[in-house]
Amino acid sequence: MKLDTICVHGARDKNNHTGSLAVPIYQSATYAHPAVGQSTGYDYARVQNPTREALEGLVAAMERGREALAFSCGMAAMDAVLALFGPGDHIICADDLYGGSVRLLASLERRMGISVDYLDANDRETLQGALRPETRAVFIETPSNPMMKVTDIRAVRETIGPAVKLIVDNTFLTPIFQRPLELGADMSLHSGTKYLAGHNDTLAGFVVTNDAGDAELLRHATKTVGSGLTPFDSFLVIRGLKTLPLRMAKSQENALALAEFLGRHHRVAKVFYPGLIDHPGREISLRQSSGFGAMISFEVDSEDTAKKVLEKVGLILYAESLGGVETLITYPLIQTHADVPVETRESLGINGRLLRLSVGVEALEDLLADLAQALD
Ligand SMILES: *Cc1c(COP(=O)(O)O)cnc(C)c1O
């Protein structure tokens, strides 16, 4: 089946004999056993519940991976992945990551004796030079948050060889536009809170992998600490995924038009969107993804303008998060990236003039009008 069809029909409740089209919310904490030593496949909801199971099958099919695991949020997914590593291990990260990921990595460095290096993952020589015998993983986001840097996933795989795990945060593009496992990654990670769920009404996280051993270790995390997604939230994500291809297409169409508008505006100094002709990552994007997504960062002429825009937007909401049907604007410096060290922020360009837009599915004319009045 094609991806659009999988999104609509891919969540299967194998226990359903009623004909219900929607996968039910199995709101049960525990499951009765048919006989001693036997199980229906479900024992206790921390371990697995049928609603989550249906969602996991759907997300695995979308990413064309062997197995997907659904977590209570993106950071819980990331925490489970990082728990695969231990004292003495070395992890290489792209230098432009979600602030929460940087915060989690910093705490692992302090508590777990894991060492982490940040670098430009597209610089093959630097990446090669940073590899050590104890390097276990390379972690990247592409496009990155918030500077929209595009990293060549295949090139990173070639550079690091087969023994080092390549983990890609695929939140921004979703499997509709990019499937990291097909490009050589070992794991594709998601904040399902964003596009996958898509309506700013729930949190979720995913890890997709082809490695049965890794999947089992990750299952151990959900089973042991209960970081798996609840039945109700699983239901919401299944519902959201049905329209993911439509939402991605419409938000991307809006984003391209807004990026072009911003590029022409006299108060805007720079626009970071891979779909723009002069974006340095455009070529790589065209090779490895089938879309540019709907995230735009832009730098205005002064900090004062940035603050005014945040206060003057009306339809566009000044709020953290992204990937929902509503267009949101954020101030990375004091919101998503407040925990990134100052020197890193400065060198990346995360300053008081930088704003980030998550473009939603509203009418383009309304978004343009709101942004124009806020900038003027
Ligand atoms: C939001 C986000 C996360 C964290 O996910 P939560 O669901 O908020 O825990 C991780 N990576 C990226 C790129 C994100 O945007």
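**Exercise 1.** How far apart do the C-alpha centres of domain 1 and domain 2 lie?

*Solution.* Begin with the bounds in this predicted model: the domain assignment of the protein gives domain 1 as residues 3-241 and domain 2 as residues 246-375. Then take the C-alpha centre of each domain, and the separation between the centres of domain 1 and domain 2 comes to 25 Å.

**Exercise 2.** Find how many residues of domain 1 are in contact with domain 2, and how many of domain 2 take part.

*Solution.* Counting a contact where heavy atoms lie within 4.5 Å, one finds 39 residues of domain 1 in contact with 39 residues of domain 2.

**Exercise 3.** Describe the surroundings of the ligand, first by place and then by residue class.

*Solution.* Start with the place, since the ligand takes up the space of the largest pocket. Next, list the neighbours: 13 residues surround the ligand, and the closest are Gly 74, Asp 169, Ser 191, Thr 193 and Lys 194. Finally, sort the shell by class, which gives five nonpolar, five polar and three charged residues.

**Exercise 4.** Identify polar contacts that oxygen atoms of the ligand make with Gly 74, Ser 191 and Thr 193, and then state how much of the ligand is covered.

*Solution.* Consider the backbone first: an N or O atom in the backbone of Gly 74 lies 2.8 Å from an oxygen atom of the ligand. Turning to side chains, a polar atom of Ser 191 lies 2.8 Å from a ligand oxygen, while an N or O atom in the side chain of Thr 193 is 2.6 Å from an oxygen atom of the ligand. As for cover, the ligand on its own has 380 Å² of accessible area, and the protein covers 92% of that area.

Note on methods: Residues numbered from 1 in each chain as written. Predicted model: local features only at pLDDT ≥ 70, side-chain atom pairs only at ≥ 80, totals over all residues. Heavy atoms only, no water. Near = heavy atom within 4 Å. Polar contact = N/O pair within 3.5 Å; in protein donor to acceptor, adjacent residues only side chain to side chain. Areas by Shrake-Rupley, 256 points an atom, 1.4 Å probe, with all protein chains shown as cover. 1 Å grid on protein atoms, 1.4 Å probe; cavity = no way out; pocket = protein on both sides within 12 Å on 5 of 7 lines; lining within 4 Å. Sits in = over half its atoms within 2 Å of the grid points. Nonpolar A, V, L, I, M, F, W, Y, C, P; charged D, E, K, R; others polar. Domains from an automatic or database assignment.
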